[in-house]
Amino acid sequence: MSNAILNMPVTPWWKQRWPWLLMLGPASVMVATSYTAWLAIKTPDAVVVGDYYTQGKAINQDLRRDRVAAQLGLSMTLGYDAATGALSGRINRNDTGPLMLHLSHATQPEKDLKLMLVPDTEGHFSVSLPMLERSRWVVLVEGGKREWRLAGAWVWPANHGITLLPD
């Protein structure tokens, strides 16, 4: 019987299927790791803020401006018409000074927009705007002297318009 075992033909390891099946798991992990590392290097995270303390102090100022907007009873409607490329709306306030409108992209700061709005005596305004990207936008409207603000989130084009109320 020992002669039968010794006389069996020996095949090299690369012709066997078991070593290849055992190497398949670690090889797939190496490919996935390389792809994940490439993604991490290629697309930096733009959402992370470096100075949290300064942001925390700014939040208190924003809350004060929200309270001023509530005391003034301000509200604003805003809508975008893709066919005409016009952003239009109405604000209910007594003075007719200019407004600053900030449209902040949720994840890509280079796509943020800042617009100066000049409402008429009825509070209506309209401004031409390039094609608004399909995204979630953070909308911030401030008075000319930044004494009050209205803010909200707008998912365009799922919502054709937004109504901003003081918090």
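The bend at a residue is the angle between axes fitted to the seven residues ending there and the seven starting there.

**View 1. Helix α2 bends at Leu24 in this predicted model.** Helices here are DSSP runs of H or I with at least four residues, and strands are E runs of at least two, numbered from the N terminus. The bend at Leu24 is about 30°, with Pro26 following within four residues. Since the expected span is 1.5 Å times one less than the number of residues, the 25 residues of α2 (18-42) should cover 36 Å, and the 37 Å between the end C-alpha atoms agrees. Confidence, given by pLDDT from 0 to 100, is highest in α2, at a mean of 94, and lowest in α1 (residues 2-6), at 66.

**View 2. An open, antiparallel sheet has the order β4-β3-β6-β7.** Strands pair if DSSP finds at least two bridges between them. β4 (113-117) and β7 (149-156) each have a single partner strand, so one side of each lacks a neighbour in the sheet. Looking further in, seven bridges join β3 (residues 99-105) to β6 (residues 135-143), and Ser104 has Val138 as its bridge partner in β6.

**View 3. Residues of three strands help to line the second largest pocket.** β3, β4 and β6 each supply at least two lining residues. Among the lining residues are His102, Lys114 and Glu142.

**Notes.** Residues are numbered from 1 along each chain as its sequence is written. In this predicted model, local features need pLDDT of at least 70, side-chain atom pairs count only at pLDDT 80 or more, totals for chains, interfaces and linings use all residues, and side-chain values use heavy atoms, leaving out hydrogens and water.

Methods
pLDDT is the predictor's confidence in each residue, from 0 to 100. On a 1 Å grid over the protein atoms alone, a cavity is a set of points where a 1.4 Å probe fits but cannot get out, and a pocket is an open set with protein on both sides within 12 Å along at least five of seven lines; lining residues have an atom within 4 Å of a point.
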